[in-house]
Amino acid sequence: MKKVFTLLLLASFFIPVSLTQAQQISKEELVFLTPEWKGERFPDGRPKVSDDILKRMKAVSIEEAWATMGGTQFNYQLAEDWPVRINPDSVLVGRAFTTTFMPYRPDMWKVIDERGKKEGRRNQNVWGVEQLQKGDVYVGSQFGLHKNGPTIGDRVAADIYRRTGNGIIYDGAIRDIEGLKAMGRFTSYVTSYSPSYHNPRSDLNTMIMGINQPTRIRQVTVMPGDIVLGKEGVVIFIPPHLAEKVVKASEKTRLEDMFAHIRTAEGKYTAGQMDANWPAEIQKDYLAWLKASVKDKKMKLPVAKAQVEEIIATSSVNNVF
C-alpha cells in the first residue's frame, strides 16, 4: 500500500501545472512548448520578439513569410477566408495573446466563474483582454459561434486598442461593428458580425477555457508569442524563433526584386535570367548596384540603410528562383 501511495504521489507531482488550472497557462509550460525561442520573454513566459522586428515585419509580404516558413516545415500557419475585415487596407502586426472559448457546460462554467470571481476577475469575456500589453494582438478562438456569441463590442474593443495599439483575430462574432470601424487603426479579421451579445441569461453558451494556451484558428495551431501578420485579407502566424529570419529574407528579396525590375527594364537581362538562380556574374552586378544605391541620396530603397549595409557586408544573395 505504501508503494502504491508513493507512485500516486509521484504521478500527481509530474502533472503539468497548466492542466491543474484550465484557464491560465503556467510559465513553465509555456517555456516548454516554445523550445526554439532563445530570446527575451515576458514574465509569464511568452516569447517577446523585439519591437524592431515587429516594425520591420509590416513590410513583409504574405508570400515572403510563407516561403520562408515552408522551408522550415511550418506548412500550416496560414488562415484565410475572413468574411469580416475591419480596416482591411492597413497591416496588422503584433505578438499573439491567445484566448480559447468552448461551448457552455453548467457544471464547468460555474466553478470556472466562481474561481475567477475569487481572483477579482469580472465577466469571462474580458479575462484575457485585461492582461494585454502594447504590441499584442488579441487572438480569440470561439469555435465560430455566431448567435449570442459576440464577446467583443465597441467598449471592449476600445480597451483592447488602448492596451495594444492593435486590432484582433477572432474566430467568432463581434458586435457594434460601426463603432469598431470608427476606431480607424483597429485592423481586424473576424468570422462574423451579429447584433446579439455574449451569454445572455436566457442562453449561456460559452465559457473561457484557455488564456495564453495553444489555440486553433482555422487550420493553424497558434502559440502565445507567435507573430501575427495580417494583410491583403490573409493572416499568417509566424513562430517567434522564425520572425527575424522571415524579416531578413523579405528584405533581401525586396532589394533583389528592385534590382531585377531595373535591369529588366534596361534590357540588360531577360525575365528568364532574373527569375532563376543567378550566376556569379549577376550576383556580382547586384552587389555592385547595391553598394552604389545605398550611397545615392536620390535612390529610395525599400529597406533601411542599416539593413542594406548588413547585406552588403555579408555579400548575401537569396536564391531567387
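Let's begin our visit at Pro35, which counts as partly exposed at 45% relative accessibility. Please keep in mind along the way that this is a predicted model. Pro35 sits in the loop between helix H3 (27-33) and helix H4 (51-57). How far apart are the C-alpha atoms of Pro35 and Leu204? They are separated by 38 Å, and the two residues lie 169 residues apart along the chain.

**The overall layout**

Stepping back, the domain assignment of the protein chain gives domain 1 (27-238) and domain 2 (244-318). Taken over C-alpha atoms, the centres of domain 1 and domain 2 are 36 Å apart. The two domains do touch: 12 residues of domain 1 are in contact with 11 residues of domain 2.

**The annotated residues**

Now for some positions that carry a label. An unreviewed UniProt entry lists Gly153, Asp154, Arg155, Val156 and Arg175 under "binding site". These residues are spread over 23 residues of sequence, yet they cluster in space, with a largest C-alpha distance of 10.3 Å. Gly153, Asp154, Arg155, Val156 and Arg175 are also included in the lining of the largest pocket. The unreviewed UniProt entry places the feature "binding site" at Asp176 as well.

Three of these labelled residues are worth meeting one by one, and the table shows where each is placed and how open it is.

| Residue | Place | Relative accessible area |
|---|---|---|
| Arg155 | helix H7 (residues 154-164) | 76%, exposed |
| Arg175 | loop between strand S5 (168-174) and helix H8 (177-181) | 24%, partly exposed |
| Asp176 | loop between S5 and H8 | 27%, partly exposed |

Why does Arg155 count as exposed? Its relative accessible area is 76%, and the class of exposed residues begins over 50%. Arg175, in contrast, has a relative accessible area of 24%, so it counts as partly exposed, because this value lies between the 20% and 50% limits. The value for Asp176 is 27%, and therefore Asp176 is partly exposed too.

**Who touches whom**

Which residues does Arg175 touch, not counting those up to four places away in sequence? They are Pro150, Ile152, Gly153, Asp154, Leu180, Tyr193, Ser194, Pro195, Ser196 and Tyr197. For Asp176, leaving aside its neighbours within four places in sequence, the contacts are Gly153, Asp154 and Tyr193. Arg175 and Asp176 are linked to each other as well: a polar contact of 3.5 Å joins their side chains.

**The strands around S6**

Tyr193, touched by Arg175 and in contact with Asp176, leads us to strand S6, which spans residues 188-193. Is strand S6 mostly covered or mostly open? Strand S6 is mostly covered, with 5 of its 6 residues buried.

S6 has pairing partners to look for in the model. Strand S2 (residues 84-86) runs antiparallel to S6, and 3 bridges join them. Here Arg85 stands opposite Tyr189 in S6. S5, for its part, pairs with S6 in the parallel sense over 4 bridges. Opposite Val190 in S6 you will find Tyr170. As you trace these strands, it helps to know that in a regular strand the side chains alternate between the two faces of the sheet.

To close the tour, return to the end of S5: the loop between strand S5 (168-174) and helix H8 (177-181) holds Arg175, and Asp176 lies in the loop between S5 and H8 too.

Key: Residues numbered from 1 in each chain as written. Predicted model: local features only at pLDDT ≥ 70, side-chain atom pairs only at ≥ 80, totals over all residues. Heavy atoms only, no water. UniProt positions renumbered as here; feature names shortened; annotations may be inferred. 1 Å grid on protein atoms, 1.4 Å probe; cavity = no way out; pocket = protein on both sides within 12 Å on 5 of 7 lines; lining within 4 Å. Helix = DSSP H or I, 4+ residues; strand = E, 2+ residues; numbered from the N terminus. Buried < 20%, exposed > 50% of the residue type's maximum accessible area, 1.4 Å probe, protein only. Contact = heavy atoms within 4.5 Å. Polar contact = N/O pair within 3.5 Å; in protein donor to acceptor, adjacent residues only side chain to side chain. Pairing = 2+ DSSP bridges. Domains from an automatic or database assignment.
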